[in-house]
Amino acid sequence: MLIRKLFKFESAHIVRNCSTQRCSTSIHGHSYKVEVLLEAHALDQGQMVYDFGLMKGNIRDVIDAFDHAICFWDRDDAEYIRLCKQFSARWIAMPVSPSAEQFARMFFVIIDRILQQTIMANGESDVVLHSVIAHETETGYAQAFRHDAYNPRMGDIRLEDIEFSAQCQAEWRDPELYRKLLAGARFENTAPPRQIP
């Protein structure tokens, strides 16, 4: 069974080397929608694949970091990167171009690691990330599956190479979230009370 949770954010970027001149030469923004699809072959104690409320924790915090942020490829012009950091408190440096395709892959890699490091507490069984869909516009989106997210032919995405500005991190419920993720720390879901045995 699949479940889907939808997240939204506003963000700006330049997509270097793309075919559309406006996109490759001018900073512009989008109203992004990100769909996170989880899969399991059994249900938890609440008869859910994974409680939607749990996805409002670390998963939402990481995605929300992109809201009102400028995202740039860390290989872009050094002066451009310096100015992005100087004039925006909210920025994210990515090891790949900030295209819809790479957003979908990058969110997959981050969310996959969050789930792997999460201790389930309500009988969740074999919950895995199925795919991530990044809608850049109302008519255009990219969907990344596991084989896409970890495909070196599409560019390596290592968590260590993604950098969130201090302001992005400060607004997380736990400002140490990403440091803990990189360190392999465990995240524990709260065990809910059982009303029906």
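**Close-up views of a predicted protein chain**

**Figure 1. S11 of strand β1 has H30 as its bridge partner in strand β2.** The model shown here and in the following views is predicted. Strand β1 comprises residues 2–13 and strand β2 residues 28–39, and the two pair in the antiparallel sense. Twelve bridges connect β1 with β2. S11 also has a bridge partner in β3, namely A69. The pairing of β1 with β3, which covers residues 69–73, is parallel and extends over three bridges. S11 therefore has one bridge partner in β2, H30, and another in β3, A69, where bridge pairing of strands is defined by DSSP.

**Figure 2. Strand β1 has a covered face and an uncovered face.** The covered face carries I3, K5, F7, F9, S11 and H13. On the uncovered face are L2, R4, L6, K8, E10 and A12. S11, the residue bridged to H30 in β2, thus belongs to the covered face. I3, another residue of that face, reappears in Figure 5 as a contact of Y50.

**Figure 3. Seven strands form an open sheet with mixed pairing.** Across the sheet the strands follow the order β7-β6-β2-β1-β3-β4-β8. Its edges are formed by β7, residues 141–145, and β8, residues 163–164, each of which pairs on one side only. Within this order, β1 stands between β2 and β3. Its pairing with β2 is antiparallel, whereas its pairing with β3 is parallel. The protein chain as a whole contains seven helices and nine strands. Its radius of gyration is 17 Å, close to the 16 Å given by the globule rule for 197 residues, so the chain is as compact as a globular protein of that length. The C-alpha trace spans about 60 × 30 × 30 Å along its principal axes. Of the 197 residues, 47% count as buried. Among contacts with a separation of 6 or more, 70% join residues that are 24 or more positions apart.

**Figure 4. Strands β6 and β7 form a hairpin.** Five residues lie between the two strands. Strand β6 covers residues 128–135 and runs antiparallel to β7, to which five bridges join it. I133 stands opposite Q143 of β7. The side chains of β7 alternate between two faces. A142 and A144 point to one face and are buried. Y141, Q143 and F145 point to the other face and are not buried. Q143, the residue opposite I133, is thus on the face whose residues are not buried.

**Figure 5. Y50 is a buried residue of a loop.** The loop in question lies between β2 and α2, the latter formed by residues 58–64. Because the relative accessibility of Y50 is 4%, under the 20% limit, this residue counts as buried. Apart from its neighbours within four places in sequence, Y50 is in contact with I3, L38, M55, L115, T118, M120, E124, V127 and N189. Of these, I3 belongs to the covered face of β1. The C-alpha atoms of Y50 and V128 are 9.8 Å apart in space, although the two residues are 78 residues apart in sequence.

**Figure 6. H68 and D126 are loop residues with positive phi.** Most residues other than glycine have a negative phi. H68 is an exception to this, with a positive phi near 55 degrees. H68 is found in the loop between α2 and β3. With a relative accessible area of 56%, H68 is exposed. D126 likewise has a positive phi, of about 45 degrees, and is not a glycine. D126 occupies the loop between β5, residues 118–119, and β6. Its relative accessibility of 41% places D126 among the partly exposed residues.

**Figure 7. R186 is an exposed loop residue that touches Q116, Q117, T118 and I119.** The loop of R186 runs between α7, residues 177–183, and β9, residues 187–188. R186 has a relative accessible area of 52%, and so counts as exposed. The contacts named in the title leave out residues up to four places away in sequence. One of these contacts, Q117, is 69 residues apart from R186 in sequence and 4.9 Å apart in space, C-alpha to C-alpha. T118, also touched by R186, is among the contacts of Y50 shown in Figure 5.

Definitions and conventions
Residues are numbered from 1 along each chain as its sequence is written. This is a predicted model: local features need pLDDT of at least 70, side-chain atom pairs count only at pLDDT 80 or more; totals for chains, interfaces and linings use all residues. Side-chain values use heavy atoms; hydrogens and water are left out. Helices (H or I, at least four residues) and strands (E, at least two) are DSSP runs, numbered from the N terminus. The radius of gyration is taken over C-alpha atoms; the globule rule is 2.2 Å times the number of residues to the power 0.38. Buried means under 20% relative accessible area, exposed over 50%, partly exposed in between (1.4 Å probe, protein chains only). Contact means heavy atoms within 4.5 Å.
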